[in-house]
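Work through the exercises below with the sequence and the model open beside you. Each task is followed by a solution that proceeds step by step.

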Amino acid sequence: MTGTPSDAAPTGLWDHGLADFVDATASDSPTPGGGSAAMVAAATGCALVLMALKVTARRKDAPDGLDTLILAGERRLESLRDYAEADIRVFESYMAALRLPKDTEAAIEERRSALAAATEGATEVPLSAAQEALETLDLARRAADLAHVSIVSDVGAGAALVHGALTAVLYSVDVNLRGLKDETKREEYGVSRAHLQTEGDDRHEAIRRMVAERLA
């Protein structure tokens with residue numbers, strides 16, 4: 001998976017208020033779409049896990065290692081935020097490729113090549129975003145063990161959001177796989193997609209059980 005947030009220029013998505021984002025998502029504009037909405041949810045889930053760790057770190061009986069875990073979580077949060085914007089940019093790249101002229105054989109070939117590259121990018125970015133969400137679930141799993149019991153429910157809530165986001169962003173992979181002409185890459189991406197979903201399901205279930213046991 002090679003799609004990364006650095007592939008895209010910032011869109012200023014995070015410069016707007018929450019109400020503006022929801023209204024824009026509910027409009028007839030294709031962006032922000034499912035991938036961006038998914039990663040906003042993932043960032044929110046990560047933020048909840050971070051909050052639980054930071055509240056726990058303030059306690060006199062705080063376990064060791066929280067500072068390192070919090071720093072790792074802050075890096076994850078920033079990356080998830082970047083992916084929300086990257087999703088918009090790869091979609092815009094695809095739309096730009098669609099608008100390329102096709103009035104000559106050379107133009108048709110150039111447009112075909114641009115569409116193939118844009119489709120690959122639009123598949124790789126959500127795959128990489130799902131990988132980031134998966135690694136955020138690893139963070140949440142550690143937090144589920146270390147966070148104080150009075151706030152471990154927020155770890156569970158955060159993990160549920162991240163898992164839902166992972167599932168949601170993979171739908172962007174599904175729709176783009178349909179447009180891929182390269183059968184080898186389509187198969188490669190499909191295998192990655194299935195692996196990410198399975199791993200995400202397993203890790204979330206482990207967190208869910210840990211939180212439930214601690215709250216019992």
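**Exercise 1. Place Asp-28 in the fold and decide whether Asp-28 is buried or exposed.**

Solution. Begin with the position along the chain: in this predicted model, Asp-28 lies in the loop that runs between helix 1 (18-25) and helix 2. Next, take the relative accessibility of Asp-28, which is 79%. Because a residue counts as exposed when this value is over 50%, Asp-28 is assigned to the exposed class. Finally, relate Asp-28 to a distant part of the chain: Tyr-189 is 161 residues away in sequence, and the two C-alpha atoms are 29 Å apart in space.

**Exercise 2. In the loop between helix 1 and helix 2, find the place of Pro-32, and state what kind of peptide bond joins Thr-31 and Pro-32.**

Solution. Pro-32 belongs to the loop that links helix 1 to helix 2. The bond between Thr-31 and Pro-32 has an omega of about 0°, and is a cis peptide bond. As background for this step, most peptide bonds are trans.

**Exercise 3. Describe the surroundings of Thr-25, and say which backbone oxygen lies 2.8 Å from a polar atom of its side chain.**

Solution. First, locate the residue: Thr-25 is part of helix 1. Second, classify its accessibility: the relative accessible area of Thr-25 is 32%, so the residue is partly exposed. Third, look for the partner of the side chain, which is the backbone oxygen of Phe-21, at 2.8 Å from a polar atom of the Thr-25 side chain. As a last step, compare chain and space: Thr-25 and Ser-36 are 11 residues apart along the chain, and their C-alpha atoms are separated by 9.2 Å.

**Exercise 4. Determine whether Glu-120 is buried or exposed, and which side chain makes a polar contact with that of Glu-120.**

Solution. Glu-120 sits in helix 4, which spans residues 105-146. Its relative accessible area is 18%, and because the limit for buried is under 20%, Glu-120 counts as buried. The polar partner is Lys-185, whose side chain is 2.8 Å from that of Glu-120 in this contact. Once neighbours within four places in sequence are set aside, the residues in contact with Glu-120 are Leu-180, Lys-185 and Tyr-189.

**Exercise 5. Contrast Leu-127 with Asp-67: which helix holds each residue, and is each one buried or exposed?**

Solution. Take Leu-127 first: this residue is in helix 4, and its relative accessible area of 0% makes it buried. The C-alpha atoms of Leu-127 and Tyr-171 are separated by 9.9 Å, with their positions 44 residues apart along the chain. Turn then to Asp-67, which is placed in helix 3 and, at 59% relative accessibility, is exposed. Asp-67 and Glu-124 are 57 residues apart in sequence, while their C-alpha atoms lie 32 Å apart.

**Exercise 6. Find the largest pocket: what is its volume, and which elements give two or more residues to its lining?**

Solution. The volume of the largest pocket is about 300 Å³. There are 18 lining residues, of which Phe-91, Ala-122, Ser-172, Val-175 and Asn-176 are the closest to the pocket centre. Two or more lining residues come from each of helix 2 (34-57), helix 3 (66-98), helix 4 and helix 5 (152-177).

**Exercise 7. Examine the aromatic rings: how many aromatic pairs does the structure hold, and which charged end sits over the ring of Trp-14?**

Solution. A search for aromatic pairs gives zero. A charge over a ring is a separate matter, and here the charged end of Arg-81 sits over the ring of Trp-14, at 4.6 Å from the ring centre.

**Exercise 8. Summarise the whole protein: how many helices and strands are there, and what share of the residues is buried?**

Solution. Count the elements first: there are six helices and zero strands, which along the sequence read α-α-α-α-α-α. Then consider the extent, for the C-alpha atoms fill a box of roughly 70 × 35 × 30 Å along the principal axes. Of the 216 residues, 42% are buried. Among contacts with a separation of 6 or more, 80% are between residues 24 or more positions apart.

Definitions and conventions
Residues are numbered from 1 along each chain as its sequence is written. Side-chain values use heavy atoms; hydrogens and water are left out. Rings of Phe, Tyr and Trp (its six-membered ring) pair if their centres lie within 6.5 Å; planes under 30 degrees apart count as stacked, over 60 as edge-to-face and the rest as tilted. A charge sits over a ring if NZ of Lys or CZ of Arg is within 6 Å of the ring centre and within 35 degrees of the ring normal. Helices (H or I, at least four residues) and strands (E, at least two) are DSSP runs, numbered from the N terminus. Buried means under 20% relative accessible area, exposed over 50%, partly exposed in between (1.4 Å probe, protein chains only). A polar contact is a pair of N or O atoms within 3.5 Å; within protein, one must be able to donate a hydrogen and the other to accept it, and residues adjacent in sequence count only if both atoms are side-chain atoms. Contact means heavy atoms within 4.5 Å. On a 1 Å grid over the protein atoms alone, a cavity is a set of points where a 1.4 Å probe fits but cannot get out, and a pocket is an open set with protein on both sides within 12 Å along at least five of seven lines; lining residues have an atom within 4 Å of a point. Grid points are joined across faces, edges and corners, and a volume is the space filled by probe spheres set on the points.
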